[in-house]
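Hi,

Here is the structure I promised to send over. Have a look at it first, and then read on for what turned up in it.

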Amino acid sequence: MDLQQQFEAAVANSKTLSEKPGNEILLQLYSLYKQATEGDVNIPPPENFFDIAGKAKHEAWTGQKGKTREQAMEEYITLVAKLKG
């Protein structure tokens, strides 16, 4: 199985976790997914002061800046495998 196939399998597995991960892990999954699929953050941060979730997502994705698509995929796969236990 190549890296893309492993990544797609991990994405599918992330939707069938036995329990919902905490917010920090969810942000990590989100940011790694976005980095793997879109690269460095390419949208401005939310302007709405009350969009706390949107700001947290944007900050998490920005934190992945410079990471290659392959690195992000590998980290996502590893994280999901750890969560699946």
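Phe-7, Tyr-33 and Tyr-76 come together as one aromatic cluster. Please keep in mind that this is a predicted model.

Let me take the rings of that cluster in turn. The search of the whole structure turned up four aromatic pairs. In one of them, the ring centres of Phe-7 and Tyr-33 are 5.9 Å apart and the planes meet at 20 degrees, so this pair is stacked. Phe-7 belongs to helix α1 and Tyr-33 to helix α2, so the pair ties together parts that lie 26 residues apart in sequence. How do the two residues stand with respect to solvent, buried or exposed? Phe-7 is buried, because its relative accessible area is 3% and the cut-off is under 20%. Tyr-33 has 33% relative accessibility and therefore counts as partly exposed.

Phe-7 also forms an aromatic pair with Tyr-76, and this one is edge-to-face, with 5.2 Å from centre to centre and 65 degrees between the planes. Here the pair links distant parts of the chain, since Phe-7 sits in helix α1 and Tyr-76 in helix α4, 69 residues apart. Tyr-76 is buried too, with a relative accessible area of 4%.

Now for the helix that carries Phe-7. Helix α1 runs over residues 3–14, and at 1.5 Å a residue its twelve residues should span 16 Å; the end C-alpha atoms are indeed 16 Å apart. Which residues of α1 are buried? They are Phe-7, Ala-10, Val-11 and Ser-14. These residues cover an arc of only 100 degrees around the axis, so they are on the same side of α1. The spacing will look familiar: an α-helix has 3.6 residues a turn, so residues three or four places apart point the same way. Among the elements that cover the buried residues of α1 are α2 (23–38) and α4 (69–84). At the N-terminal end of α1, Asp-2 acts as a cap, with a side-chain oxygen 3.3 Å from the backbone nitrogen of Gln-4.

Helix α4 can be read in a similar way. Its 16 residues should span 22 Å at 1.5 Å a residue, and the end C-alpha atoms are 22 Å apart, which agrees. The buried residues of α4 are Ala-72, Met-73, Tyr-76, Ile-77, Leu-79 and Val-80. They take up an arc of only 165 degrees around the axis, which puts them on the same side of α4. What do the buried residues of α4 pack against? Their partners are α1 and α2. Just after α4 comes Gly-85, which takes a positive phi of about 65 degrees.

Two more details may be worth a look while you have the model open. Ser-31, found in helix α2, is buried with a relative accessible area of 2%. Leaving aside residues up to four places away in sequence, Ser-31 touches Ala-60, Trp-61 and Gln-64. The other detail is Lys-57, which lies over the face of Tyr-30 at 5.1 Å from the ring centre.

If you start with one spot on your screen, try Phe-7, which is buried in α1 and shares one aromatic cluster with Tyr-33 and Tyr-76.

Best wishes

Notes: Residues numbered from 1 in each chain as written. Predicted model: local features only at pLDDT ≥ 70, side-chain atom pairs only at ≥ 80, totals over all residues. Heavy atoms only, no water. Helix = DSSP H or I, 4+ residues; strand = E, 2+ residues; numbered from the N terminus. Expected span 1.5 Å × (residues − 1). Buried < 20%, exposed > 50% of the residue type's maximum accessible area, 1.4 Å probe, protein only. Arc of directions from axis to C-beta. Contact = heavy atoms within 4.5 Å. Polar contact = N/O pair within 3.5 Å; in protein donor to acceptor, adjacent residues only side chain to side chain. Phe/Tyr/Trp six-rings, centres within 6.5 Å; stacked < 30°, edge-to-face > 60°. Lys NZ or Arg CZ within 6 Å of the ring centre and 35° of its normal.
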